[in-house]
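Good morning, and thank you for coming. I should like to take you through one model today, beginning with a term and then moving from the loops to the sheets and the core.

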2 protein chains.
Amino acid sequence: MEPLRVGIVGFGNLGKAVETSLLQQPDMTLAGVFSRRQIPHPQYRPIHTLDEKQVEVDVLLLCGGSAKDLPLQTPHLAQRYNVVDSFDTHALMRQHFEATHRAASHGRKVALLAAGWDPGLFSMMRCLFESVLPNGQSASFWGPGISQGHSDALRQLPGVKDARQYTLPNEEALSAAREGKPVSKAHQRLCYVVPEEGAHLEQLVHSIKTLPYYFAGYETQVVFISQEELLEKHAEMPQAGHVIRKGSTQDAREHLLEFSLKLSNNPAFTASVLTACARATCRLHQQGATGAYTLLDIPLASLSPSSPEELRQRLV
Amino acid sequence: MEPLRVGIVGFGNLGKAVETSLLQQPDMTLAGVFSRRQIPHPQYRPIHTLDEKQVEVDVLLLCGGSAKDLPLQTPHLAQRYNVVDSFDTHALMRQHFEATHRAASHGRKVALLAAGWDPGLFSMMRCLFESVLPNGQSASFWGPGISQGHSDALRQLPGVKDARQYTLPNEEALSAAREGKPVSKAHQRLCYVVPEEGAHLEQLVHSIKTLPYYFAGYETQVVFISQEELLEKHAEMPQAGHVIRKGSTQDAREHLLEFSLKLSNNPAFTASVLTACARATCRLHQQGATGAYTLLDIPLASLSPSSPEELRQRLV
């Protein structure tokens, strides 16, 4: 069988990780790296090439950001190409899905949206767990891991030169979730901050701890460190998390389901999920499907390079 | 929308648990309990009724055993009805799948096979985990929980009046799996045995520990107890288990995925999975699908009573 021709759109952390991830796939080949800015890559092509002609790719993995790139790029490119994205702005999910669904349906293409670990694997677990244990309580926990959004929020405060924010699940909250008890104060926030020279540290701690939405109301710890130490010790992008559901069957018997992951590098793992999704997207399209989908809408077997027969033999 | 009419075939532990599980489902109604032997249930109907006329059910949940009932029942009933079973004899899975696929395809019905937690949820996790982390090592662990097969094997030994066998994961093996190291001696076996009067206990321990396939080669502990104690302390059917995959992306970064469950009662939870599968089976059939499927072949959303829009809003 011909390998799937996969295009990468956007070549930041995620795009680069997708390129290495493709090397692990027996059935895929890199068909081009599309970017707005010129990059030193033998397969670089300007992004507008995708509009000017029908480029020969089976699927595009969109590796831009959810804030600015994907809301426009995904529906635009879904008119002419099968696409996968990792859009993760929950509040705008419906709008993004509907716009992409219209575009992909019109172009008779398939768009698989919100792929990654959350949304993505976590969404799948939440759906599976509540379906098989309808009477129960689910909880999601994130961390220990760096939150880009919270790190950015810190960096925008006056007096902050650089910063990394780790979100950590609260151990008591984890235990409560496993016992089916209500979960409060699920997360703690640990901020490593490089202050500007001459910054008033006490005042800075106060502005951080009271920053609305990001830190106010959370158990927040602020640790000041040097730029050197930040770069040395906090350059990696680890992540972790749990989806937990405690539920009972009608006979009052209790059951606990838990999914957890621990990633040494968030973009590297997200890229690996996107790459598996490339396969599922092409299969949906080959079967005649069109429009937008999420990981809740696809059979798990479609993520695998193995045949259904082989999967049943090895895994069922 | 009309509720799904669900029939139960076989009314042992699993069938009874399915009946209570249906009470948790907003969109299902019990349409009959079909059994070979007469049972005191207002909706009891002899099993041969299913052959004599087309009974008005949307799906049958087959609650018989994998050893004797399902190999014949599933393909037979799949000719005329949508069915779900929890067939779990791995060595005969292919044969069972193919026979049922032929029958269901011919009858234009859908059969969802091997539903439960293993095979079932564990199969799904194994497929998902290796698809998103192709370079890695998976391991499955069972227990602490009662193994029916091993308990039966004990009961068949001369000198044994009654017995329960608990399988327990070996903690060192669990740690090895989480570190991606080779797993050996993954399980321990703990046997509670009620000896026949006058049985030679030392000899009995020897026959147990050397029983080929079941106990030989395992770390096995035998505890003799009275019938009263067995019934009092070991009447429940708890189960637990883990699916673990440690893998690395091409950049040598390591990632860990783990699914675990802890069930206070194995048939109660298995029933709850079968019931969710009833919904997925009917949806597949409504969409025009025919033939045999496993949980690897269905979208997760099809297990849920919620609409795709609601699932995206709440869970993605």
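By helices and strands I mean DSSP runs, numbered from the N terminus, with at least four residues for a helix and at least two for a strand. Please bear in mind throughout that this is a predicted model.

With those terms in place, let me start at a loop of chain A. A:Pro42 lies between β2 (28–35) and β3 (44–46) of chain A, in the loop that links them. Is A:Pro42 buried or exposed? Its relative accessibility is 81%, so A:Pro42 counts as exposed. A:Gly32 is 10 residues away from A:Pro42 in sequence, and their C-alpha atoms are 8.7 Å apart.

Other loops hold backbone features that deserve a remark. A:Lys185, in the loop between α7 (171–178) and β10 of chain A, has a positive phi of about 45 degrees, although it is not a glycine. A:Lys185 is exposed, at 57% relative accessible area. In chain B, B:Tyr213 also has a positive phi, near 70 degrees; B:Tyr213 sits in the loop between α8 (201–209) and β11 (219–224) of chain B. With a relative accessible area of 70%, B:Tyr213 is exposed.

Chain B also gives us cis peptide bonds. The bond from B:Asp118 to B:Pro119 is cis, with omega near 0 degrees, and B:Pro119 belongs to the loop between β6 (110–112) and α5 (121–132) of chain B. The bond from B:Gly143 to B:Pro144 is likewise cis, with omega near 5 degrees. B:Pro144 is in the loop between β7 (136–142) and β8 (145–146) of chain B.

I turn now to the strands. In chain A, an open sheet of 4 strands has the order β8-β9-β10-β11, with mixed pairing. Its edge strands are β8 (145–146) and β11 (219–224) of chain A, each paired on one side only. Helix α8 (residues 201–209) of chain A packs on this sheet and touches β9, β10 (187–195) and β11 of chain A; the direction of the helix makes about 145 degrees with that of β11(A). The strands β8(A) and β9(A) (residues 160–169) run antiparallel and are joined by 2 bridges, with A:Gly145 partnered by A:Thr167.

Elsewhere in chain A, strand β4 (residues 59–62) has both faces covered. A:Val59 and A:Leu61 are buried on one side, and A:Leu60 and A:Leu62 on the other. This arrangement fits a general pattern: in a regular strand, side chains alternate between the two faces of the sheet. β4(A) pairs in the parallel sense with β1 (residues 4–9) of chain A over 4 bridges, where A:Val9 stands opposite A:Leu62. β4(A) also runs parallel to β5 (residues 83–85) of chain A, through 3 bridges, and there A:Leu60 has A:Val83 as its partner. Together with helix α3 (residues 70–78) of chain A, β4(A) and β5(A) make a right-handed β-α-β unit.

Which residues have the most contacts inside the largest nonpolar core? They are A:Leu60, A:Phe269, B:Leu60 and B:Phe269, in a core of 158 residues. Beyond its sequence neighbours within four places, B:Phe269 is in contact with residues of both chains, including A:Val132, A:His255, B:Trp117 and B:Leu263.

Finally, how do the copies relate? A turn of 180 degrees, with a shift of 0.0 Å along the axis, lays chain A on chain B with an RMSD of 0.1 Å. That is the relation of a two-fold axis. The copies meet through the same surface, because 100% of the interface residues of chain A are also interface residues in chain B.

Conventions:
Residues are numbered from 1 along each chain as its sequence is written. Chains are lettered from A and ligands numbered from 1 in the order in which they are written. This is a predicted model: local features need pLDDT of at least 70, side-chain atom pairs count only at pLDDT 80 or more; totals for chains, interfaces and linings use all residues. Side-chain values use heavy atoms; hydrogens and water are left out. A nonpolar core is a set of buried Ala, Val, Leu, Ile, Met, Phe, Trp, Tyr and Cys residues joined through side-chain atoms within 4.5 Å. Buried means under 20% relative accessible area, exposed over 50%, partly exposed in between (1.4 Å probe, protein chains only). Contact means heavy atoms within 4.5 Å. Two strands pair if DSSP finds at least two bridges between them. A crossover is right-handed if, with the strands pointing away from the viewer, the path from the first strand over the helix to the second runs clockwise. Copies are superposed by least squares on the C-alpha atoms of residues with pLDDT of at least 70 in both. Axes are lines fitted to C-alpha atoms, for helices over the stretch in contact, and angles run from 0 to 180 degrees between N-to-C directions.
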